[in-house]
Amino acid sequence: MTGLIERYRDRLPFADDDPVVSLQEGSTPLVHAPRLSERVGAEVWLKIEGANPTGSFKDRGMTCAVSDAVRNGAEVVVCASTGNTAASLAAYAARAGIGGAVLVPEGKIATGKLAQSLMHGARVISLRGNFDEALALVRQVCDRQPVALVNSVNPFRLEGQKTAAFELVEELGELDALCIPVGNAGNVTAYWKGFQELGHAPACFGFQAAGAAPLVAGHPIEKPETVASAIRIGNPARWEEAMNAFTASRGQVRAVTDAQILDAYRWLARNEGVFCEPASAASVAGLLVHGAGEARRIACVLTGNGIKDPQTALEQAGAVVPCEPVLGAVEDAILGAAA
Ligand code: F0G
């Protein structure tokens, strides 16, 4: 196994002797989803991006952004984040031996992502504001200070993330539609770039949480709210590019409610054995609620691992079964599983 810069160097802006900061990201599983296929009446595949080293697709962009930062002599990388970019930055900065600082919205990032960012030694700054405010502030800091911004406004992030589209086309050949959650709108922009570079044009269907759906509303949302904290974003940085991807691919951007997201989240875990985080389930929720046109072969991008957000999982899952340490009690407790 290799990291994605090594795998796709001929299609990425890195020369043979450039420094590479990698944790062997990319090459993630593409899993057929038989029960989902049956429900939808089409062939549906799940791209399990939670299998990346830090548990989300962000590692694809981060290997490129941090490698480029190191090439340029950066000593500190920074980002604003709803959590996954922060965790990924922290890991790749640690790997590179440089400093990392992340600005996250106070109280609105999942526990696992916070733990990851802190464990990797990044400076975690809890902003009394939302993601959009954090991104605006961090952009200003980068104009004033010698620190490198690795949010998806950084073009190297998109370069790395486009490789997921390469993997889909390599494995599936023809693909009619892509279903993908949309927050800051970098990822759908990157997939579309990747598809175009290969001469492919699957319809891109983007899904936002109803309480944080600026692209659907057509204007920024000042106070975005959703249980899917990763996509709690009211003013996406890649607005124009994402809208272009939906239009040019004959796809659409639609909203799904928190209830629909949580239904898909629980259903996937119980019926396909795939545990993703709530934001990721927006892709499947969107497919179930809105469909994907006439598409026969569909890929849903599951952007992050379910274990990132244990709190939401425990709130949504069944209760544990208390039991005395007695054989009969244990037998009853176990056999109850068949009921
Ligand atoms: N899914 C997950 C799990 C995410 O963490 C994100 C974005 C998205 C989907 C949406 O991707 O922003 O490219 O449209 N998370 C960013 C972060 C904002 O800071 O971790 P997008």
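The following exchange concerns a predicted model, and it takes up one strand with its partners and then a surface patch.

Colleague: Is strand β8 (residues 203-209) largely enclosed or exposed?
Modeller: In a regular strand, side chains alternate between the two faces of the sheet. In β8, Ala203, Phe205, Phe207 and Ala209 point one way, while Cys204, Gly206 and Gln208 point the other way, and all are buried. Because seven of the seven residues of β8 are buried, the strand is, with respect to the rest of the structure, largely enclosed.

Colleague: Which residue of strand β9 (residues 252-256) is the bridge partner of Phe207?
Modeller: Phe207 belongs to the group that points one way from β8 together with Ala203, Phe205 and Ala209. The strands β8 and β9 pair in the parallel sense over five bridges, and within β9 the partner of Phe207 is Arg254.

Colleague: What is the handedness of the β-α-β crossover from β7 to β8?
Modeller: Strand β7 (residues 177-181) runs parallel to β8 and is joined to it by five bridges, with Pro181 standing opposite Phe207. Between these two strands the chain passes through helix α9 (residues 186-197), and the crossover is right-handed.

Colleague: What is the relative accessible area of Val330, which helps to make a nonpolar surface patch?
Modeller: Val330 is found in helix α15 (residues 327-335), and with Ile334 and Leu335 it makes a nonpolar surface patch of about 290 Å². Patches are made of residues with over 30% relative accessible area. Val330 is partly exposed, and its relative accessible area is 34%.

Definitions and conventions. Residues numbered from 1 in each chain as written. Predicted model: local features only at pLDDT ≥ 70, side-chain atom pairs only at ≥ 80, totals over all residues. Heavy atoms only, no water. Patch = residues over 30% accessible without salt bridge, like charges linked within 9 Å, V, L, I, M, F, W, Y side chains within 5 Å. Areas by Shrake-Rupley, 256 points an atom, 1.4 Å probe, with all protein chains shown as cover. Salt bridge = Lys/Arg side-chain N within 4 Å of Asp/Glu carboxyl O. Helix = DSSP H or I, 4+ residues; strand = E, 2+ residues; numbered from the N terminus. Buried < 20%, exposed > 50% of the residue type's maximum accessible area, 1.4 Å probe, protein only. Pairing = 2+ DSSP bridges. Right-handed = clockwise from strand over helix to strand, strands pointing away.
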